[in-house]
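Let's take a walk through a protein model together, one piece at a time. Have the picture open as you read, so that you can find each residue as it comes up.

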Amino acid sequence: TVSDIPQPENPPSAVLDGNFTTRWASQDPGQWMILDFGQVRSFTKIDFAMYNSAKRTYQLEILVSEDGNNYTSVYKGPDKDVYNPDGTPVGTVDYDFGGEYQAQYIKIIFNFIF
């Protein structure tokens, strides 16, 4: 689930397609995505890559929830991607939660900062 789809050519399905050249895109501050893992699991981190953050700065907040209603913030800070010379991500980056959390849902809030 995502907060908005302002660019139909960059749909939410691109979030999990494993292709670094595709993406879900939304540039307004406070946009978010929620990943539903189907059941409660243990998490200590999440790995992902941000598109084009070699040229942009993002502030992220990552939250976890067992029920999809009550969320706990587990990471708040800058994106941490590492890039090839052409600007594509080298790979995914770990966003460590600083402990173990039980969750079915992970919500990521994106704030684009120039």
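## Starting with a hidden tyrosine

Y95 has a relative accessible area of 0%, so this residue counts as buried. Keep in mind that what you're looking at is a predicted model.

What does Y95 pair up with? Its ring is stacked with the ring of F48, with the centres 4.6 Å apart and 15° between the planes. Along the chain the two partners are 47 residues apart: F48 belongs to strand β1 and Y95 to strand β4. F48 is at 13% relative accessibility, so this partner is buried as well.

## The overall layout

Time to zoom out. The protein has 4 strands and 0 helices, which gives the pattern β-β-β-β as you read along the sequence. There are 114 residues, and 39% of them are buried.

Now for the contacts. Take those between residues at least 6 apart in sequence: 65% of them join residues at least 24 apart. As for the outside, about 6,600 Å² is exposed, and carbon and sulfur atoms supply 48% of that area.

## The nonpolar core

In soluble globular proteins, nonpolar side chains tend to be buried together. Here, the largest nonpolar core is made of 21 residues, and I46, I62 and Y95 are the ones with the most contacts inside it. Four elements give two or more residues to this core: β1 (31–48), β2 (57–65), β3 (72–78) and β4 (93–113). Which of them gives the largest share? That's β4, with 7 residues.

I62 is a good place to stop and look around. Leaving out residues up to four places away in sequence, I62 touches a long list of others, including I46, F48, V74, Y75, Y95, F97, I106 and I108.

## More rings

A pair of aromatic rings is described by the distance of the centres and the angle of the planes. How many aromatic pairs does the structure hold? The count is 5. Through ring pairs, F48, Y75 and Y95 are linked into a cluster.

Compare the stacked pair with F97 and Y101, which are edge-to-face: 70° lies between their planes, and their centres are 6.4 Å apart. Is F97 buried or exposed? With a relative accessibility of 4%, F97 counts as buried. Y101 is at 27%, so that residue is partly exposed.

## A tryptophan and a lysine

Next, find W32 in strand β1. Its relative accessibility is 24%, and the cut-off for buried is under 20%, so W32 counts as partly exposed. W32 and I108 are 76 residues apart in sequence, yet their C-alpha atoms are 5.4 Å apart in space. Beyond its neighbours within four places in sequence, W32 is in contact with T1, V2, S3, W24, K107, I108, I109 and F110.

K107 deserves a second look. This lysine lies over the face of W32, at 5.1 Å from the ring centre. The charged end of K107 also sits over the ring of Y71, at 5.7 Å from the centre of that ring.

## Two buried residues in β2

L60 is part of strand β2 and has 2% relative accessibility, so this leucine counts as buried. What does L60 touch, apart from neighbours within four places in sequence? Among its contacts are F48, Y75 and Y95, the three residues of the ring cluster. Others include M50, K76, G77, D79, I109 and F110. From C-alpha to C-alpha, L60 and N111 are 6.3 Å apart, while 51 residues separate them in sequence.

S65 is also found in strand β2. Its relative accessibility is 2%, so this serine counts as buried. Where does the side chain of S65 find a polar partner? One of its polar atoms lies 2.9 Å from the backbone oxygen of N70. Not counting residues up to four places away in sequence, S65 touches N70, Y71, A103, Q104 and Y105. Y71 should ring a bell: its ring has the charged end of K107 sitting over it.

Terms used. Residues are numbered from 1 along each chain as its sequence is written. This is a predicted model: local features need pLDDT of at least 70, side-chain atom pairs count only at pLDDT 80 or more; totals for chains, interfaces and linings use all residues. Side-chain values use heavy atoms; hydrogens and water are left out. A nonpolar core is a set of buried Ala, Val, Leu, Ile, Met, Phe, Trp, Tyr and Cys residues joined through side-chain atoms within 4.5 Å. Buried means under 20% relative accessible area, exposed over 50%, partly exposed in between (1.4 Å probe, protein chains only). Contact means heavy atoms within 4.5 Å. A polar contact is a pair of N or O atoms within 3.5 Å; within protein, one must be able to donate a hydrogen and the other to accept it, and residues adjacent in sequence count only if both atoms are side-chain atoms. Rings of Phe, Tyr and Trp (its six-membered ring) pair if their centres lie within 6.5 Å; planes under 30 degrees apart count as stacked, over 60 as edge-to-face and the rest as tilted. A charge sits over a ring if NZ of Lys or CZ of Arg is within 6 Å of the ring centre and within 35 degrees of the ring normal. Accessible areas come from the Shrake-Rupley method with a 1.4 Å probe; for residues, only the protein chains shown count as cover.
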